Amino acid sequence: MSRPPSLTLPPCARAYRLDTERGSFAVQDARPEAAPIGTALLVPGFTGSKEDFVALLEPLAAAGFRAVAVDGRGQHESPGPRDELAYAQRELALDVLAQARAVQEPDSGPVHLLGHSLGGLITRAAVLLDAAPFRSLTVLSSGPAAIEASQQTRVRMLIEALGTLDMESVWRAMRELDPPEAANAATPPEVGAFLHRRWLNTVPEQLIATGRQMLEEPDRVAELARTGLATHVVSGAVDYAWPVSWMDAMAERLSARRTVIEGAEHSPNAERPEKTAEALAGFWSGVG
């Protein structure tokens, strides 16, 4: 679970609902002072939300990019039905394509797409359905296929709990499994309250369906490579969901740019936002 360092939107950003042909999605949209040189659509991961990218918004806007972070269907402030079928990967990928069309502007060209963690699998699926709306794909802390074995065990436990307990009870159980209190002491109280609120706002069927996707995802790297889309693989120096070596090998198979953010783990966007934004803007500037 990503922990944003702050919840305060920078002056260059605003929150609103993005209307698309597949429904309305809660977004945070940051714009540079001048006309943007490109637009980036930022898709969060498992248990995440648009707020996971809040620390990237200002540096990306300063680099000249419009950045739109979105809550997917059933995530936090975007509504979603109590039906697991609504969260099939294809459905979520079609949402991303609709969001990309909605944020695209006449003079900005195709969209730079970024997916964090589970969002990397969903954005990959979107590109494989239709790569035309996108200038590039950045896979952030996301691997070639299913998550590694120890994390699969944790996700299976979570899916089982979500099938039998209410969201508040599952939250309390997760807190008991968290690292010692000292490890959470650095989380500001308002961020801690937000994490609780976001969890309760998220549709449990979304978590069950997407959790299964992380357990069952096939290796689709060769398919992605055949699209010819410019690709960037970014991670921290350590990752608990997909080992860094897996992401190294994936980048090589894709002939992709590879960036490792030192001092970061599974959420470089929240843990080292300035360095992450610098790497993203450098890549996007290079692909036009």
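Where does H76 lie? Here are some friendly notes on this predicted model, beginning with that residue.

1. **H76.** This histidine sits in the loop that runs between β4 and α2 (89-103). H76 is not a glycine, yet its phi is positive, at about 50°. Is H76 buried or exposed? With a relative accessible area of 7%, H76 is buried, because anything under 20% counts that way.

2. **S117.** Another backbone to look at belongs to S117, in the loop between β5 (111-116) and α3 (118-129). S117 has a positive phi of about 60° and is not a glycine. Its relative accessibility is 6%, so S117 counts as buried.

3. **Helix α1 and what covers it.** Helix α1 spans residues 54-62, and its buried residues are V54, L56, L57, P59, L60 and A61. What lies over them? The cover for the buried residues of α1 includes the strands β1 (13-20), β2 (23-30), β3 (38-43) and β4 (65-70). Helices α11 (268-271) and α12 (273-287) are also part of that cover. Just after α1 comes G64, with a positive phi of about 105°.

4. **The largest nonpolar core.** This core holds 59 residues. Which of its members touch the most other members? They are L41, V96, L113, F134, L162 and W199. If you would like to trace one of them by eye, try L41. Setting aside residues up to four places away in sequence, L41 touches V68, V70, V96, Q99, A100, V111, H112, L113 and L114. A second core, separate from this one, has 24 residues, including A30, V54, L280 and F283.

5. **α4 against α5.** Helix α4 covers residues 149-162 and helix α5 covers residues 167-177; their axes come within 9 Å and cross at roughly 150°. That angle makes α4 roughly antiparallel to α5, because angles over 145 degrees are classed that way. The crossing of these two helices is right-handed. On the α4 side the meeting residues are L158, A161 and L162, and on the α5 side they are M167, V170 and M174. By class, the contact of α4 with α5 has 6 nonpolar residues, no polar ones and no charged ones.

6. **α5 against α7.** The axes of α5 and helix α7 (residues 189-201) come within 9 Å, crossing at roughly 140°. This makes α5 oblique to α7. The crossing of α5 and α7 is right-handed. From α5, the residues M167, E168, V170, W171 and M174 meet L195, H196, W199 and L200 of α7. The contact of α5 with α7 has 7 nonpolar, 1 polar and 1 charged residues.

7. **α4 against α8.** Helix α8 takes in residues 204-216; its axis and that of α4 come within 10 Å and cross at roughly 155°. How are the two helices oriented? The angle makes α4 roughly antiparallel to α8. Here α4 passes α8 in a left-handed crossing. Q152, V155, R156, I159 and L162 are the α4 residues in this contact, and they meet P204, L207, I208, G211, R212, M214 and L215 of α8. Sorted by class, the residues of the contact of α4 with α8 are 8 nonpolar, 2 polar and 2 charged.

8. **T47.** This threonine is in the loop between β3 and α1. T47 has 12% relative accessibility, so T47 counts as buried. Which residues is T47 in contact with, leaving aside its neighbours within four places in sequence? The partners are M1, R198, W199 and L207.

9. **R197 and L177.** R197 belongs to helix α7 and, at 42% relative accessibility, counts as partly exposed. R197 and E105 are 92 residues apart along the chain, and their C-alpha atoms are separated by 33 Å. L177 is in helix α5. Its relative accessible area is 55%, so L177 is exposed. From C-alpha to C-alpha, L177 and L97 are 36 Å apart in space, with their positions 80 residues apart in sequence.

Key: Residues numbered from 1 in each chain as written. Predicted model: local features only at pLDDT ≥ 70, side-chain atom pairs only at ≥ 80, totals over all residues. Heavy atoms only, no water. Core = buried A, V, L, I, M, F, W, Y, C linked by side-chain atoms within 4.5 Å. Buried < 20%, exposed > 50% of the residue type's maximum accessible area, 1.4 Å probe, protein only. Contact = heavy atoms within 4.5 Å. Axes fitted to C-alpha atoms, helices over the stretch in contact; angles between N-to-C directions. Helix = DSSP H or I, 4+ residues; strand = E, 2+ residues; numbered from the N terminus. Parallel < 35°, antiparallel > 145°, perpendicular 65-115°, else oblique. Left-handed = near helix turned anticlockwise from the far one by under 90°. Nonpolar A, V, L, I, M, F, W, Y, C, P; charged D, E, K, R; others polar.
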